[in-house]
Amino acid sequence: LLLEANLLRAEITLDVIFFGVAVLANACVVHLVLRAWRHMQYNNIPNLLVMALAMTDLVIAAAGYPVRILSYVLPLHGATLYYFCAYCDFVFETLLAYSQFVVVLMGIERYLSIRKPFFYEKHCTRSLFVFLLSSLFGYCFVIGVLREVLDSAVDIAPGVDICLPTYVRNH
């Protein structure tokens with residue numbers, strides 16, 4: 001029991017540290033990109049992609065970690081715990097998938113700018129990448145909602161592995 005209590009404290013401590021570092025680091029990135037856009041006119045595609053990635057991580061940290069930490073601390077039972085876990089699962093899975101898509105899009109954009117500069121100059125516009133980012137977010141959101149609906153339909157506790165550690169779930 002003492003080991004489980006210490007593991008829970010360690011889990012909470014790590015989540016608080018991840019929350020703080022993620023919010024601070026990504027808020028700095030967002031601030032620097034916005035500042036570059038305003039003062040130096042670096043309103044380009046790579047900065048747009050960096051901004052999308054930083055905002056995604058910032059939303060994960062601000063919307064996911066506090067709820068996850070609360071699910072450890074508050075005495076939640078039954079439906080309340082289920083909804084806390086489902087919310088955490090939705091936020092983490094949906095936004096982490098979107099984050100991966102943004103990184104892949106960054107790689108494609110960099111490849112085209114280096115290997116196919118004439119194609120890049122002619123076809124790769126900021127509005128195209130805004131459309132791609134928006135479409136990918138919509139896709140991830142719909143898939144995340146469908147996943148949660150399917151999880152609840154087959155009575156699988158969604159997000160249990162993300163929401164609560166094993167030693168808390170079993171007690």
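**Salt bridges, cores and a surface patch in an all-helical model**

A search of the whole structure turns up five salt bridges. The structure in question is a predicted model, and the salt bridges offer a convenient way into its architecture. In one of them, Glu11 pairs with Arg68, with the closest N and O atoms 3.3 Å apart. Glu11 lies in helix H1 (residues 2-39) and Arg68 in helix H2 (residues 45-73), so this pair ties together parts that are 57 residues apart in sequence. Arg68 also forms a salt bridge with Asp15, where the closest N and O atoms are 2.9 Å apart. Here too the partners sit in H1 and H2, so the pair ties together parts that are 53 residues apart in sequence. Glu11, Asp15 and Arg68 are thereby linked in a network of salt bridges.

The members of this network can be placed by their exposure to solvent. Glu11 is partly exposed, with a relative accessible area of 23%. Arg68, in contrast, has a relative accessible area of 14% and is buried, because the cut-off for a buried residue is under 20%. Asp15 is buried as well, at 3% relative accessibility. Within helix H1, Asp15 has a set of neighbours that goes beyond its salt-bridge partner: leaving aside residues within four places in sequence, Asp15 is in contact with Tyr65, Arg68, Ile69 and Tyr72.

Another residue of helix H1 worth a look is Val33. Val33 counts as buried, at 8% relative accessibility. Once residues up to four places away in sequence are set aside, Val33 touches Asn47, Val50 and Met51. For the last of these contacts, Val33 and Met51 are 18 residues apart in sequence, while their C-alpha atoms are 6.7 Å apart in space.

The wider fold can now be described. The protein has seven helices and zero strands, and reading along the sequence gives the pattern α-α-α-α-α-α-α. Of the 171 residues in the protein, 36% are buried. Contacts between residues at least 6 apart in sequence were also examined, and 81% of them join residues at least 24 apart. The accessible surface comes to about 10,500 Å², and carbon and sulfur atoms account for 71% of this area.

Turning to the interior, the largest nonpolar core holds 16 residues, of which Leu49, Tyr98, Phe129 and Leu133 touch the most other members. Helix H2, helix H3 (78-115) and helix H5 each supply at least two residues of this core. Apart from this core lies another, of ten residues, which include Ile60, Cys88, Phe92 and Leu95. Within the largest core, Phe129 can be followed in detail. Not counting residues up to four places away in sequence, Phe129 touches Ile45, Leu48, Leu49, Leu105, Glu109 and Cys124.

Helix H5 deserves a paragraph of its own. The 28 residues of H5 should span 40 Å at 1.5 Å a residue, and the C-alpha atoms at its ends are 40 Å apart, which agrees with that expectation. The buried residues of H5 are Phe129, Leu133, Leu136, Cys140, Gly144, Glu148 and Asp151. Two of these, Phe129 and Leu133, have already appeared in the description of the largest core. Glu148 takes part in a further salt bridge, its side chain meeting that of Arg147 at 3.7 Å from N to O. The two partners differ in exposure: Glu148 is buried, with a relative accessible area of 13%, whereas Arg147 counts as partly exposed at 31% relative accessibility.

Helix H5 also contributes to the outside of the protein. A nonpolar patch on the surface is formed by Phe101, Phe137, Tyr139, Phe141, Val142, Ile143, Val145, Leu146 and Val149, which together have about 770 Å² of accessible area. The largest share of this patch, eight residues, comes from helix H5 (residues 126-153). One of the patch residues in H5 is Leu146, which is partly exposed with a relative accessible area of 46%. Leu146 meets the exposure requirement for a patch, because patches are made of residues with over 30% relative accessible area. Helix H5 thus supplies residues both to the largest nonpolar core and to the nonpolar patch on the surface.

Definitions and conventions. Residues are numbered from 1 along each chain as its sequence is written. This is a predicted model: local features need pLDDT of at least 70, side-chain atom pairs count only at pLDDT 80 or more; totals for chains, interfaces and linings use all residues. Side-chain values use heavy atoms; hydrogens and water are left out. Patches are made of residues with over 30% relative accessible area and no salt bridge: like charges are joined within 9 Å, nonpolar side chains (Val, Leu, Ile, Met, Phe, Trp, Tyr) within 5 Å. Accessible areas come from the Shrake-Rupley method with a 1.4 Å probe; for residues, only the protein chains shown count as cover. A salt bridge is a side-chain nitrogen of Lys or Arg within 4 Å of a carboxyl oxygen of Asp or Glu. Helices (H or I, at least four residues) and strands (E, at least two) are DSSP runs, numbered from the N terminus. Buried means under 20% relative accessible area, exposed over 50%, partly exposed in between (1.4 Å probe, protein chains only). The expected span of a helix is 1.5 Å times one less than its number of residues. Contact means heavy atoms within 4.5 Å. A nonpolar core is a set of buried Ala, Val, Leu, Ile, Met, Phe, Trp, Tyr and Cys residues joined through side-chain atoms within 4.5 Å.
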